[in-house]
Amino acid sequence: MSTIITRKLRIIMASMMLMLLLAACSAEARQPMIDIILDRPEVGSATLTLSDDHALIDVTDAHGINGLTATLTEGQWPEQVTIHLRLKGLERLEIHYGPYTIATGKSSNDSPDPPLILYVADEDGKVTQAPVSSSIYFPDISRTDDGFNVTLPPHFFQEQHPAFSVHWIDFYR
């Protein structure tokens, strides 16, 4: 009788281990896969860190004028996407997704920050400037000790965009 109990215990233990393994695999499968490509990789680098509902793209750029494209290859975008730009200035920032382009920046002196400008392309590719009627288009831009954190605006997450791109200029020369 003890061999029957031992076999049942082994089967139960094996089943539990299999369930744990499957649960871990399915949790891992839900993790989004994001490809990041710098426009000029020879002068910078970008690393991606994913946590529960947040993606952090950490960018180092030696020249201060560059861009990146992030493409979702699997899963869904996290609830929040932040690009950490290790720059001394951010006089121009453009965020592109779908037919939308958001242009803004941060002043590097005492003058006011550039206004946010929203451009929208129609089906024929004609681009027009649209009034910014809601804060939903505004990215959150905050200065850090070593650069800027740029969090994508809430509008990006309202539709399923497969990719976005960001272009920056630290200082106008």
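Visitor: How many aromatic pairs does the structure hold?

Guide: The structure, a predicted model, holds 6 aromatic pairs. Take tyrosine 97 and tyrosine 100 to begin. Their rings form a tilted pair, 5.7 Å centre to centre, with 40° between the planes.

Visitor: Are those two tyrosines buried or exposed?

Guide: The cut-off for buried is under 20% relative accessible area. Tyrosine 97 has 1% relative accessibility, so it counts as buried. Tyrosine 100 has 14% and therefore counts as buried too.

Visitor: What geometry does the pair of phenylalanine 156 and phenylalanine 157 have?

Guide: Planes over 60 degrees apart count as edge-to-face. Phenylalanine 156 and phenylalanine 157 have 85° between their planes, which makes the pair edge-to-face. Their centres are 5.0 Å apart. Phenylalanine 156 is buried, at 1% relative accessible area. Phenylalanine 157 is at 27% and counts as partly exposed.

Visitor: Which residues do the ring pairs link into a cluster?

Guide: The cluster takes in Trp77, Tyr97, Tyr100, Phe156, Phe157 and Phe164.

Visitor: Now the strands. How do strands of a sheet pair?

Guide: They pair through backbone hydrogen bonds, in a parallel or an antiparallel sense. Here is one case. Strand β6, residues 90-97, runs antiparallel to strand β7, residues 100-106, and 6 bridges join them.

Visitor: How many residues lie between β6 and β7 in their hairpin?

Guide: There are 2 residues between them. Glycine 98 is in the turn, with a positive phi of about 55°.

Visitor: Which residue in β7 stands opposite leucine 93?

Guide: Threonine 104 does. Threonine 104 has 8% relative accessibility and so counts as buried. Leave aside its neighbours within four places in sequence. Threonine 104 is then in contact with Glu91, Arg92, Leu93, Pro114, Pro115, Leu116, Pro139 and Ile141.

Visitor: In which sense do β6 and β12 pair?

Guide: Antiparallel, over 5 bridges, with β12 spanning residues 163-169. Glutamate 94 stands opposite histidine 167 in β12.

Visitor: What is the strand order in the open sheet of 5 strands?

Guide: Read it as β2-β3-β5-β11-β10, with mixed pairing. The edge strands are β2 (44-51) and β10 (140-144). Each has a single partner strand, so one side of each is left without a neighbour in the sheet. Neighbouring strands of this sheet are turned by 20° against each other on average, direction ignored.

Visitor: Where does the mixed pairing show?

Guide: Walk along the order of this mixed sheet. β2 and β3 run antiparallel, joined by 8 bridges. Serine 45 has threonine 60 in β3 as its bridge partner. β3, residues 54-61, then runs parallel to β5, with 7 bridges between them. Isoleucine 57 stands opposite isoleucine 83 in β5. From β5 to β11, residues 147-151, the pairing is antiparallel again, over 4 bridges. The bridge partner of histidine 84 is asparagine 149 in β11.

Visitor: How many residues of β5 are buried?

Guide: Of the 7 residues in β5, residues 80-86, 5 are buried, so the strand is mostly covered. Set that beside its place in the sheet order, with β3 on one side and β11 on the other.

Key. Residues are numbered from 1 along each chain as its sequence is written. This is a predicted model: local features need pLDDT of at least 70, side-chain atom pairs count only at pLDDT 80 or more; totals for chains, interfaces and linings use all residues. Side-chain values use heavy atoms; hydrogens and water are left out. Two strands pair if DSSP finds at least two bridges between them. Buried means under 20% relative accessible area, exposed over 50%, partly exposed in between (1.4 Å probe, protein chains only). Contact means heavy atoms within 4.5 Å. Rings of Phe, Tyr and Trp (its six-membered ring) pair if their centres lie within 6.5 Å; planes under 30 degrees apart count as stacked, over 60 as edge-to-face and the rest as tilted. Axes are lines fitted to C-alpha atoms, for helices over the stretch in contact, and angles run from 0 to 180 degrees between N-to-C directions.
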